[in-house]
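Subject: Structure for you to look at, with notes

Dear colleague,

I am passing on the structure we spoke about, and I would be grateful if you could open it alongside these notes.

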Amino acid sequence: MLTFQEFTEFVQGLTPTIREVVDRYVGHVEVDYKADDSPVTRADREIEQYIVARIEARFPGGTIVGEESGTHPAAETNESGSVEWIVDPIDGTKSFIHGVPLFATLIGVMVDGEAVYGAIYNPMLDDLIVGDNRVALRNGRPTRMRECDSLKQATLLTTDILDVAKHRNLPNFMALAERCRLLRTWGDAYGYCLLASGRADVMVDPIMSRWDLAALIPVIRGAGGVITDYYGGDPATGDSIVASGSAERHAEVLAILNA
C-alpha cells in the first residue's frame with residue numbers, strides 16, 4: 001500500500017514541471033470549450049498528461065481518473081484493494097485564464113472508495129498542501145484550521161455565488177453570509193488552501209465534480225476540519241462541498257443552508 005510519505009514525495013517531485021507549464025502559458029492562454037461549455041486550455045491537457053504518465057511509471061497498479069482524459073485502466077494489479085488516482089490538472093481554469101492565482105492542481109488517492117491522500121498545489125505561489133485525514137502539511141510543515149468560536153467571527157468563502165443560485169437555495173446561503181463576518185469569492189481550490197492554513201473558516205461549493213473534491217477531503221480532515229456534502233453526507237460520493245473548522249460550526253452552517 002502506498003504510504004503518505006511516498007505520496008508526498010511523489011507529488012513534491014511533480015511540482016517543478018507543473019510550475020514550468022503554468023509559467024509558460026500564463027498571460028497568453030488559448031481557450032477551448034468542452035461539451036458542457038466549461039473552458040479548457042493546453043496547459044490543462046499538458047499537466048494532466050504529465051501527471052498521468054508519472055503515476056503510470058511509478059505506481060503501475062490502480063486506476064487513474066483525469067478530468068480531461070478520462071479513465072486510464074491499470075496496466076497491472078499488484079496490491080489488494082481498489083486504488084484510484086483522481087487528477088484535476090487545473091482546478092480553477094477560469095482564474096488561470098485571467099492570470100489570477102486562485103487555482104491549483106489537485107491529486108487525490110482513493111482506496112475502496114475512501115479518500116485517503118490528497119494534494120493541493122498552487123503553482124503561481126509554489127504552495128503545496130498535502131493531507132491524509134490525520135495530518136496536513138503545508139510546504140513540509142504541519143498546518144491546521146484556525147479556531148472560530150462563532151459564525152460572527154467567520155470568513156465564509158464560495159467560488160461563485162451564481163452557482164449557489166443555480167444549484168441550491170440562494171436565500172439560505174445569504175442568510176449564512178449575514179451571520180458571518182466576511183463573505184469572499186476566494187474560491188476554487190485556493191479557498192481550501194486558505195481553510196487548511198488557518199486563513200478562512202467556512203467554504204461552501206454548491207456543485208462539484210469527482211475530480212474537484214477527492215483531494216480536498218484528506219487535506220481538510222488532516223487539518224482538523226469537517227467536510228461533507230451540502231446536506232451533511234459523505235463528500236466522496238456527493239456533488240457539493242461544505243467545509244468548516246469544527247463539528248459545532250459545521251452543524252450550524254448546515255442547519256442554515258438547509259433550513
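Below is what was found in it, from the overall fold to single residues.

Please keep in mind throughout that this is a predicted model.

The overall fold

The protein chain contains nine helices and 15 strands. Its radius of gyration is 17 Å, close to the 18 Å that the globule rule gives for 259 residues, so the chain is as compact as a globular protein of that length. Along the principal axes, the C-alpha trace spans about 50 × 40 × 30 Å, and 52% of the 259 residues count as buried. If one takes the contacts between residues at least 6 apart in sequence, 60% of them join residues that are at least 24 apart.

The largest pocket

The largest pocket has a volume of about 1000 Å³ and a lining of 35 residues, of which Ser38, Lys94, Asp163, Asp188 and Asp212 lie nearest its centre. By class, that lining is made up of 13 nonpolar, nine polar and 13 charged residues. Which elements supply at least two residues each of the lining? They are strand S5 (83–91), helix H3 (93–97), helix H4 (161–167), helix H6 (188–196) and helix H7 (210–213), and the largest share, four residues, comes from H4.

Helix H6 and its surroundings

Helix H6 deserves a separate look, since Asp188, one of the residues nearest the centre of the largest pocket, has its place in this helix. Asp188 takes a positive phi of about 55 degrees although it is not a glycine. The helix is mostly covered, with nine of its nine residues buried; among them are Asp188 itself, Tyr190, Tyr192 and Cys193. Just after H6, Gly198 also has a positive phi, here of about 75 degrees.

Salt bridges

The structure holds 11 salt bridges, and I describe a few of them here. Within helix H1 (residues 4–25), Glu20 and Arg24 lie four residues apart, about one turn of the helix, and they form a salt bridge whose closest N and O atoms are 2.8 Å apart. In an α-helix there are 3.6 residues a turn, so residues three or four places apart point the same way. Both partners are partly exposed, Glu20 with a relative accessible area of 40% and Arg24 with a relative accessibility of 35%.

A second salt bridge joins Arg179 to Glu252, again with the closest N and O atoms 2.8 Å apart. Arg179 belongs to helix H5 (residues 170–179) and Glu252 to helix H9 (residues 247–257), so this pair ties together parts that are 73 residues apart in sequence. Arg179 counts as partly exposed at 40% relative accessibility, and Glu252 likewise counts as partly exposed, at 22%.

The side chains of Arg249 and Glu248 also meet in a salt bridge, at 3.3 Å from N to O. Are these two partners buried or exposed? Arg249 counts as buried, at 8% relative accessibility, whereas Glu248 is exposed, with a relative accessible area of 57%. Taken together, Arg179, Glu248, Arg249 and Glu252 are linked in a network of salt bridges, which you may find easiest to follow by displaying these four side chains at once.

Two loop residues

Gly99 has its place in the loop between H3 and strand S6 (104–111), and at 31% relative accessibility it counts as partly exposed. Leaving aside residues up to four places away in sequence, Gly99 touches Val26 and Met124. Gly99 and Val29 are 70 residues apart in sequence, while their C-alpha atoms are 9.1 Å apart in space.

Asn139 is found in the loop between strand S9 (136–138) and strand S10 (141–142), and it is partly exposed, with a relative accessible area of 47%. Like Asp188, Asn139 has a positive phi without being a glycine, in this case of about 50 degrees.

With best wishes

Conventions: Residues numbered from 1 in each chain as written. Predicted model: local features only at pLDDT ≥ 70, side-chain atom pairs only at ≥ 80, totals over all residues. Heavy atoms only, no water. 1 Å grid on protein atoms, 1.4 Å probe; cavity = no way out; pocket = protein on both sides within 12 Å on 5 of 7 lines; lining within 4 Å. Points joined across faces, edges and corners; volume = space filled by probe spheres on them. Nonpolar A, V, L, I, M, F, W, Y, C, P; charged D, E, K, R; others polar. Buried < 20%, exposed > 50% of the residue type's maximum accessible area, 1.4 Å probe, protein only. Rg over C-alpha atoms; globule rule 2.2 N^0.38 Å. Contact = heavy atoms within 4.5 Å.
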